[in-house]
Amino acid sequence: MEKLKIEGGNKLNGTVRVSGAKNSAVALIPATILAESPVIIDGLPNISDVQTLSDLLEEIGGTVSLNDSEIIVDPSKMISMPLPNGKVKKLRASYYLMGAMLGRFKKAVVGLPGGCHLGPRPIDQHIKGFEALGAKVTNEQGAIYLRADELIGARIYLDVVSVGATINIMLAAVRAKGRTIIENAAKEPEIIDVATLLTSMGAKIKGAGTDVIRIDGVDSLHGCRHSIIPDRIEAGTYLILGAAMGEEVIIDNVIPLHLESLIAKLREMGVVIETKDDKILVRGHHNLKTVDIKTLVYPGFPTDLQQPFTSLLTKAEGSGVVTDTIYGARFKHIDELRRMNAAIKVEGRSAIVNGPSQLQGAKVRASDLRAGAALVVAGLMAEGITEVSGLEHIDRGYENLVEKLNGLGAVIWRESMTEQEIEQLQNS
Ligand code: EPU
């Protein structure tokens, strides 16, 4: 087991290249199940979630080759093998296997998904969609059983705007009979990316990226090549870091439009940001002004950047309120930031950050992926050495984090944990 060690306080300079989007990758890979000939996806991030999904496709009979950032999936010999447990528990996005297997085989058995613990994360809207398409859905001993004689297009109104439900219903509907209309759909860029792949496979989808998506079912889908979009959350994390510690940091391979809400908030704080084509230049500022943020569905401020942004706010003058309307309990990083001398209190769905505070290095633990990102940002801002455990969460979502940060001049490295430290971690 490893931990991260960070010597804080160093200024960052240079260019960092953003990888492919994790939250697209975890939907694009299951989507290949729907085709009947090989699908190639390039630009994938080298993260553990991609490896786990690739293994799961092999478990159901797919021939998969995963090299660096390219995956080739031959789905022709796949079967609807039950996946009740095991690897599906490792990531939340294993729920996309339900929509994709239901779409191709009209039946699936998939264990209830794992992933980050951010408070309750129901999948009732996914199930509502599958049922509307004609599937019988039951929960038997922690696994979801889906069966349908045939899938028939339907009009589905989502009661909650959900990225996962929107994509999952799209996956199930592309090979259904007739037209499906998803109303109150989520509009995240990752949804457009999945729709683009499915369209290249022969699906008929209109309106992805708006809140009404129309899908006309087709009998079969074929292989194709697809290039993934860049990861807006990874890019946003480096942008926040550049604001905190950057002299001049350039973020390369990014779509600036995907980060408008973050860029607007950073500019309000006094950070200098320039955008050009697929690059963003950021210069940190000594006297940052605080701001309030409220997470919202896209194109609002993303909940996935709320945690690293909170670390940045500790450096800003005044009292800033961070409200998470998507996951009201996504505040497990706050206790750890307090250990590092941050002045933050949580009230309901909000965290109130009183700054500026000079963060101090400490031993902290990442409880989930973006909490980990928040602690890395904080460690780089802090005086002295910070040790971050819970690296398995960070490895789920950030490709080559240490190498990319070293490239900007950060002093950060991985180190094996001692037996005593592992024992302490397990008992805490
Ligand atoms: N919700 C329901 N019922 C449902 C589905 C969702 O009540 O059936 C609620 C959720 O509890 C939440 C809200 O609706 O309060 C939005 O959830 P959504 O379904 O949009 O989230 P998700 O699809 O499970 C994806 C990302 C998350 C990201 C959220 C919000 C993936 C694999 N995950 O989750 O990413 O936080 O959208 O944008 O795409 C991360 O990358 O760290 C991460 C957690």
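A polar contact is taken here as a pair of N or O atoms within 3.5 Å, and the exercises below apply that cut-off to a predicted model.

**Exercise 1. Polar contacts of the ligand**

Task: Determine which polar atoms of Pro122, Ser162 and Asp304 lie within the cut-off of an oxygen atom of the ligand, separating backbone from side chain.

Solution:
- Start with Pro122, where a polar backbone atom is 3.4 Å from an oxygen atom of the ligand; because the limit for a polar contact is 3.5 Å, this pair is counted.
- Continue with Ser162, whose contribution comes from a polar side-chain atom placed 2.6 Å from a ligand oxygen.
- Finish with Asp304, which likewise offers a polar side-chain atom, at 2.6 Å from an oxygen atom of the ligand.
- Then turn to the covered surface: the ligand taken alone exposes 830 Å², and the protein buries 90% of that area.

**Exercise 2. The shell around the ligand**

Task: Describe the residues around the ligand by proximity, by chemical class, and by the helices and domains that supply them.

Solution:
- Begin with proximity: 26 residues surround the ligand, and those that come nearest are Gln125, Ser162, Asp304, Ile326 and Arg370.
- Sort the shell by class, which gives 13 nonpolar residues, six polar ones and seven charged ones.
- Assign the shell to secondary structure: at least two of its residues come from each of α1 (22-31), α4 (124-132), α5 (163-173), α9 (303-313) and α11 (369-381).
- Move up to the domains, where domain 1 (2-19 + 230-427) and domain 2 (22-227) each provide at least three residues of the shell.
- Place the ligand in the protein as a whole: the space that it takes is the largest pocket.

**Exercise 3. Backbone exceptions**

Task: Locate the cis peptide bonds that precede Pro299 and Pro356, and the positive phi of Asn341, with respect to strands and helices.

Solution:
- Recall the background, namely that most residues other than glycine have a negative phi and most peptide bonds are trans.
- Take the bond joining Tyr298 and Pro299, which is cis with omega of about 10°; Pro299 belongs to the loop between β17 (293-295) and α9.
- Take next the bond from Gly355 to Pro356, also cis, with omega near 0°; Pro356 is placed in the loop between β20 (350-355) and β21 (363-365).
- Consider last Asn341, which is not a glycine and yet has a positive phi of about 85°; Asn341 lies in the loop between α10 (333-339) and β19 (343-347).

Note on methods:
Residues are numbered from 1 along each chain as its sequence is written. This is a predicted model: local features need pLDDT of at least 70, side-chain atom pairs count only at pLDDT 80 or more; totals for chains, interfaces and linings use all residues. Side-chain values use heavy atoms; hydrogens and water are left out. A residue is near a molecule or strand if one of its heavy atoms lies within 4 Å of it. A polar contact is a pair of N or O atoms within 3.5 Å; within protein, one must be able to donate a hydrogen and the other to accept it, and residues adjacent in sequence count only if both atoms are side-chain atoms. Accessible areas come from the Shrake-Rupley method with a 1.4 Å probe; for residues, only the protein chains shown count as cover. On a 1 Å grid over the protein atoms alone, a cavity is a set of points where a 1.4 Å probe fits but cannot get out, and a pocket is an open set with protein on both sides within 12 Å along at least five of seven lines; lining residues have an atom within 4 Å of a point. A molecule sits in a cavity or pocket if more than half of its atoms lie within 2 Å of its grid points. Helices (H or I, at least four residues) and strands (E, at least two) are DSSP runs, numbered from the N terminus. Ala, Val, Leu, Ile, Met, Phe, Trp, Tyr, Cys and Pro count as nonpolar, Asp, Glu, Lys and Arg as charged, and the others, Gly among them, as polar. Domain bounds come from an automatic or database domain assignment.
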